[in-house]
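Student: Could we walk through this fold together, a helix and a few pairings at a time?
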Amino acid sequence: MSEMLTPTTFESFRVYSLDTTARVDEALDLIADVEDQRVPRAVLDPVIEEMKWSFAKDPAVRSLAADEIESLITLLGTSFSLDDFASHLWLIEKLIADKYKATLERLLLELFDQPRQRMDYRKLVGFYCSHLLNLGYERNHIRHVVDETFFEKTVVRMGRKTLEKFLSKFDGKNRRYIVRVGVTRDLGNYLRGLDFNAFQRVAGSACEPTLDENTNKDVLAWVFEWTADTLDPEAAMDSAYQFLSAQRAISFLDPYGMHCEWGDTMHITLHRAKSGEAITKTDFLENKPRPLPLKKNLRVTRARTISNYAADIARNFDETSTERLLSSIRTAALARTSFNPENRLISLWSAIEVLLSEPREVARIVHYAKLIVPCIVMRHTRRQVIAVYNELLPRYRNRLNKITREMETEAHGQDAFAELVFLEENVEYQKRLCGLLSDNPLALHRVYKLQRDYKNIGAVNGTMDDHYNRVRWQIHRVYRARNQLVHAGLMPSYLESVILNLAEYYRSAVVTIVGRAKKEEELSDIDQVVSEIGIKYRILRNFFRKAKADTSLTKEHVSKLMDTK
């Protein structure tokens, strides 16, 4: 659960953006938009596909409304009316809305000690975690409760009571929090003029040690007190931050402006409590930890790597395409200069649109999804293998390398690791790898899932289909969220999750586009490169679809999956 919530976790390992109840609500909202002719009916297709997937994977929903879901699935196989579709959804929502969380918790308690149902248990955890986020719990707060319950103290025996205690921390009840923020004198006077509680800092007050943790403490002469009814203190802190961000935006309307600054570390107190805690606003778009060098005393110079990447952009595209690509990258970079989630989503989506050609005959989102999704998913297997491989290196580097060196292969590093996990001929080496990881359940699970995803041609096709669909669904969701923000000022509950995914999708797409252009002898046109990636992806899919499902993978298959051929 902690890993699912970690922002730097590989995108396929993260928590779902929406739980099943949120998907039902999303579908109902979209049906209303289609009926009002604000969007074409075609945009319902990915929502329906994802909802079918969610119903099939979510045991909590199936236990609450199995017959109603079966009726809906039957309806969706016909030429259905929007009224019938909405009526089914309203009925399902009525049956699951109030009982969904309790049912998930009951199933978690029933399955936690069943070793043969670990994969089902992980799916349950994913739905539960997603449900907490969509209820309004903050990602950092959930991680804090996980660490506090399971990691900060030695757990002698992990039993039902420990899990019950953990689940009870998320009762879904709002609590009143008092947030005290250090602000500048100008901002404090401005807020007090609006009848908010702002006052000069007083030495010796309970919040002083917290406010002194801010690097800009010398300019924070006032304290702003904000009251919020939220599910957790992180959410209260974030609401204060968003309010202050709005006031700073308003200040830009004045030609003279004002000194509008505050401290990112705030003092949060539960209403009527005598003491509080310091919480610092963090950036969920943080950089990933730098991987350790392959050899001792070998320093990886990131500046050189980035310089080479910049050179690839400058040298491999024609002038117009280079300018478009750089413009897109500059636009995406704006997402890293603001804590405001609206700015981040709009910047990242605008960067996607700059990369792609303008639509002509189809809906904009259908056109954009058709072009960008292959760029994102083309090298997914390689990225998935590297994600697992890099997690193993810090602890198992030498012993893992010893195993791969004994294999009959010319591959090295992650490519050799892929052959180790994917090829049936390496079953003895796979057993040694499992023995090596026997004391690390998470690592063992990662390798097990990787092997299961690519154990034969049928598994490969299923994995590629699943990932393609998930990315396509997310791209459609990002577009809807962006439209809600731009046209209606609505901020969906899942905004942070889609921003995390979109940031990784964007990096993956740009890497694929630049990599494709590097293979050409002449300067490339970016629209042609994007089209060729789509063609190459379809060729790759056809290659695997033509093979029999129960066929074991060969080195040629692995090479194609790892994009080394």
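Student: Which residue follows α7, and what is the sign of its phi?

Tutor: This is a predicted model, so take the angle as a computed one. Right after α7 comes Gly136. Its phi is near 125 degrees, so the sign is positive.

Student: How far apart are the end C-alpha atoms of α7, and why does that agree with its length?

Tutor: Helix α7 covers residues 118-135, which makes 18 residues. At 1.5 Å a residue these should span 26 Å, so the distance found in the model agrees: 25 Å.

Student: Which residue in β4 stands opposite Val179?

Tutor: Look at strand β1 (residues 175-183), which pairs with β4 in the antiparallel sense over 4 bridges. β4 itself, residues 265-270, is mostly covered, with 5 of its 6 residues buried. Opposite Val179 in that strand is Ile268.

Student: And what is the bridge partner of Met266 in β5?

Tutor: β4 also runs antiparallel to strand β5 (residues 277-280), joined by 4 bridges. Their hairpin has 6 residues between the strands, and Arg272 takes a positive phi near 75 degrees there. The partner of Met266 in β5 is Ile279.

Student: How many residues apart in sequence are the parts tied together by Arg477 and Glu26?

Tutor: Their side chains meet in a salt bridge at 2.8 Å, N to O. Arg477 sits in helix α21 and Glu26 in helix α2, so the pair links parts distant in sequence. Arg477 is buried at 1% relative accessible area, and Glu26 counts as buried at 9%. The separation is 451 residues.

Methods:
Residues numbered from 1 in each chain as written. Predicted model: local features only at pLDDT ≥ 70, side-chain atom pairs only at ≥ 80, totals over all residues. Heavy atoms only, no water. Helix = DSSP H or I, 4+ residues; strand = E, 2+ residues; numbered from the N terminus. Expected span 1.5 Å × (residues − 1). Buried < 20%, exposed > 50% of the residue type's maximum accessible area, 1.4 Å probe, protein only. Pairing = 2+ DSSP bridges. Salt bridge = Lys/Arg side-chain N within 4 Å of Asp/Glu carboxyl O.
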